[in-house]
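Please open the model in your viewer and keep the selection panel at hand. The tour begins with one helix and then steps back to the chain around it.

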Amino acid sequence: MRIEDLQVAFSTEEGPVEALDGVELTIHQGTFHGLIGETGCGKSVTGQTIMGLLDNNARIKKGRIMYREQDLLKLSSRQMERQIRGNEIAMIFQDPGSSLNPLFTIKNQIEEAIKMYRPVPRERREGLILEALQQVKLPDARNLMHRYPHQLSGGMKQRVMIAMMLACNPRLLIADEPTTALDVSIQAQFIKVLKDLKDNLDLTILYITHDLAVISELCDYVSVMYAGRIVENLSMYDLFRDPCHPYTEKLVNSVLGVSTRLDQLEEIPGSVPRLINPPPGCRFHPRCSEVLPVCSQEVPLLKEVKGLHSVACHRR
Amino acid sequence: MNQELKQEIAELKQQKTSQMYLTWVRFKRNRLSVIGLSFVLVVIFIAIFAPVLTPYHPYETDPFNRLASPSRENPLGTDELGRDLLTRLLYGSRIALQVGILIVLFEGFIGISFGLLAGYFGGWVDEIIMRLVDILRSFPVIILAMAIAGIMGQGLFNVVLAIGLVGWTTYARMVRGKILSIKEADYVEAAYAAGESTVSVILRYILPNVLPTAIIMVCIMMPTALIASATLSFLGVGVQPPLPCWGSIAAAGRDYIIRAPWISTTAGFFIMFTVLGFNFIGDGLRDAFDPTSKRN
Amino acid sequence: MNKWGYVGKRLLKTIPIIIGVTLVTFLILHLSPGDPVRIMLGPYATPETVAALRAQYGLDQPLPLQYFSWLGNIAQGDLGTSIRYNRPVTELVQARIGITLTLTLAGLVISVTLGSILGILAALKQNSWLDYLCTFQAMFWISIPGFWLAILLLYIFGLQLRWVPIAGLSGFASVILPALTIGLQEEAWFARPMRAEMLGVLNEGYIKAARAKGVRYYRVVGKHALRNVMVPMITMLALRLPWVIAGSVVVEVVFAWGGMGSLLVNSVLARDYPVVQGILLIIALSVVLANLLADLVYSLIDPRIRVEGGKK
């Protein structure tokens with residue numbers, strides 16, 4: 001999948017908000033791709049745009065989302081519904097508590113996904129549901145599928161969500177901060193489940209998070225996002241060894257690793273700019289410690305550093 | 001310490017005042033509620049100036065001019081006793097507003113008192129009052145009021161009494177709900193912390209905050225009161241002839257619907273005009289006080 | 001708490017309400033400014049008939065005793081005897097209740113169907129002309145008295161266009177106008193809450209999640225959203241039932257149907273108190289029953305209610 005120059009704006013009471021301003025992103029088949037950035041930088045909007053599930057007040061101004069030789073943005077909502085969502089691309093959301101319909105059993109909700117994309121006789125559906133639940137390591141699946149969402153814990157619900165989405169057999173799964181609402185201990189368990197899925201299935205994941213630790217556990221490639229733009233694309237290896245963008249660098253340094261001493265921990269001064277009136281030029285320049293005069297005037301474009309590593313910074 | 005708390009309370013109250021102003025601004029911006037307000041003002045104007053607006057008296061009969069069609073002398077024709085219909089309808093606004101306001105005040109008084117008691121004291125007081133509400137709500141308002149009015153005997157004040165005795169439950173429920181939320185509010189807890197007494201807290205903090213709710217409710221309940229009283233009159237247990245009441249005029253006109261269809265239709269139109277006005281206002285007020293309940 | 005615990009708890013809560021309803025019905029009679037028996041019989045009754053009637057109703061006994069013997073009779077299915085017809089109230093009601101029931105049910109079906117469809121459409125096309133039209137028409141219907149709407153429909157479709165019979169009960173065609181009167185009036189009370197609830201539910205995460213797995217939008221609305229708005233809508237239904245019944249009483253009078261509603265109005269006017277009491281009790285008890293039923297239906301729809309034990 002390749003996203004090119006994607007621009008999305010929201011109309012709000014205070015005026016238009018440019019949530020995405022020229023997002024460039026390539027996700028390779030079979031990899032886990034991390035999308036990282038601070039809250040409100042447009043990560044989730046990117047995911048929702050791919051799914052065609054933006055809110056009513058959003059408008060896609062420009063760009064292409066190329067997926068298997070077709071532009072998703074050119075498809076009708078009907079085509080998105082019938083051809084793409086579910087059986088090509090599925091998505092799980094931040095809050096597992098509200099993502100499952102409280103009035104239907106787990107079985108019913110997974111069955112709904114299976115019914116649409118796998119023409120199997122009714123008797124075999126139950127087997128598929130069980131299989132899906134066992135895939136995400138849910139214990140006692142036979143019993144569990146007859147339960148209602150409110151009878152499960154948050155971590156279980158999120159695993160049910162994955163099982164439900166995998167039951168559609170998608171090629172690409174978008175995970176929008178799936179661990180943010182979970183306890184730390186449950187998070188680890190959840191990530192282990194994802195890791196096993198990575199080993200056993202031919203699955204591509206776009207993993208959206210602000211948690212660098214999670215990304216380093218799971219992903220092969222990372223895109224760093226800042227205020228509606230991608231500032232750096234790089235491999236997991238390069239992220240910790242050779243980050244090129246000052247923002248990436250600070251992000252990495254701000255994470256408390258086991259070996260890091262407290263005095264080495266860096267804080268990024270200031271906060272994410274409000275997108276209703278973003279700073280001109282490079283949007284990071286007011287917070288950057290290595291500003292050049294050009295930074296406040298020209299928008300830096302993504303430049304290749306080596307191979308799959310590219311960065312949008314005037315210094316490089 | 002005490003001084004600081006007092007100041008904090010004053011600031012929180014200040015916020016309330018500016019909220020009232022905001023509410024008014026929002027109300028004005030809503031086109032429908034302004035239309036509603038003008039409707040109601042027209043009805044009030046008619047009620048006050050009815051004698052100036054028409055040369056006739058509402059009780060003035062004319063046996064030789066019964067059920068006349070609309071003409072220059074009688075713009076809406078005459079009724080079954082030869083009285084000028086327009087005159088009776090104009091005077092009818094007096095009865096309608098009078099009865100409506102009395103009902104709303106009466107049921108408002110009962111309902112708000114019970115709601116205050118239930119919400120403030122909770123426990124068994126709340127339990128008893130709310131069970132009473134449940135019991136009364138099992139009866140259709142109009143039907144129970146009709147039975148009560150029928151048993152007590154007809155007349156304007158019995159209509160008010162009957163509808164009021166049945167209709168207060170809505171107020172009680174809303175006021176109780178509002179109080180339960182106010183009781184948790186910061187400024188009330190702050191007032192207690194500053195050592196104010198229960199009575200003073202009720203009078204100075206809780207009552208003023210329930211007031212907006214009560215005002216909205218009066219506007220929301222007015223349509224129900226108007227329609228209920230008109231319906232009682234229509235069914236023959238309400239305000240009695242010869243008093244010019246829209247409900248009983250419509251009822252009388254029903255018997256002559258073939259010869260004089262204008263009697264029932266115009267009487268109903270006057271009711272609709274008034275009720276629509278209050279409904280528009282009520283809707284506008286509700287949105288103005290609680291903008292989150294509006295669109296989005 | 002299991003399902004039966006919830007049902008039992010709910011039943012238990014109904015008992016005091018039923019007792020209260022009988023008390024209100026019983027005490028109403030004593031609101032009359034004078035001696036109810038004298039008022040019932042009129043000014044020309046002889047002292048003997050007054051005394052006889054008083055004894056017959058047990059009015060010479062203390063109030064609590066009167067209440068319990070009245071309650072005892074009701075428990076045996078005896079609602080008393082009509083003064084005007086000199087026949088048992090149950091018999092009078094039995095002959096007429098079918099008409100009122102038909103009208104109430106027809107009115108409910110029309111209003112709920114129409115209101116739900118309009119409310120859902122308004123929510124799906126939020127802020128469109130359809131949405132505004134829906135809001136405005138609802139406002140219009142709740143602003144006109146039922147008797148006037150009935151007269152207007154009768155005049156236009158019965159007298160002028162002659163599409164339907166104008167009065168009395170004669171086959172399906174005669175039900176249309178009365179049912180439509182109630183349906184249109186009550187539809188407004190379902191359309192607006194339906195719109196608001198639907199808008200709320202459509203913003204829920206599970207709607208987006210269901211769409212993310214590729215479920216068709218109309219199915220998401222029809223299954224996931226609709227089921228979730230059903231609980232508040234059933235509450236509304238139970239809340240409006242008394243008004244629908246009152247509506248059918250008024251409509252019966254206008255269309256000259258000899259149902260339970262007309263009987264009630266005529267009995268009020270004729271001061272036939274046993275009939276008034278009997279019908280009031282029947283209406284109130286059906287409302288209580290409908291509320292109970294609504295609560296039980298919630299627990300079938302929403303599994304969370306069964307667990308929390310009916311917290312509303």
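Select helix 5 of chain A, residues 122-135, in this predicted model. At 1.5 Å a residue its 14 residues should span 20 Å, and because the C-alpha atoms at its ends are 20 Å apart, the expected and computed lengths agree.

Next, colour Ile129(A), Ala132(A) and Leu133(A), which are the buried residues of helix 5 of chain A. These residues cover an arc of only 95° around the axis, so they lie on the same side of helix 5 of chain A. The spacing fits a general rule: an α-helix has 3.6 residues a turn, so residues three or four places apart point the same way.

To see what covers this buried side, show helix 4 (106-117), helix 6 (141-144) and helix 7 (154-167) of chain A, which are included in the cover over the buried residues of helix 5. Then turn to the face of helix 5 of chain A that points away from its buried side, where you will find the exposed residues Glu123(A), Arg124(A) and Gly127(A).

Moving along the chain, select Lys137(A), which follows helix 5 of chain A and has a positive phi, near 65°.

Finally, colour chain A by domain, with domain 1 comprising 2-88 + 174-186 + 201-311 and domain 2 comprising 98-169. The centres of domain 1 and domain 2 of chain A, taken over C-alpha atoms, are separated by 30 Å. Where the two meet, six residues of domain 1 of chain A are in contact with eight residues of domain 2 of chain A. The domain 1 side of this contact in chain A has four nonpolar and two polar residues, with no charged residues.

Technical notes. Residues are numbered from 1 along each chain as its sequence is written. Chains are lettered from A and ligands numbered from 1 in the order in which they are written. This is a predicted model: local features need pLDDT of at least 70, side-chain atom pairs count only at pLDDT 80 or more; totals for chains, interfaces and linings use all residues. Helices (H or I, at least four residues) and strands (E, at least two) are DSSP runs, numbered from the N terminus. The expected span of a helix is 1.5 Å times one less than its number of residues. A residue is buried if 20 or more other C-beta atoms lie within 10 Å of its own, exposed if 12 or fewer, and partly exposed in between; C-beta atoms are placed from the backbone. The arc is that of the directions from the helix axis to the C-beta atoms. Two residues are in contact if their C-beta atoms, placed from the backbone, lie within 7 Å. Domain bounds come from an automatic or database domain assignment. Ala, Val, Leu, Ile, Met, Phe, Trp, Tyr, Cys and Pro count as nonpolar, Asp, Glu, Lys and Arg as charged, and the others, Gly among them, as polar.
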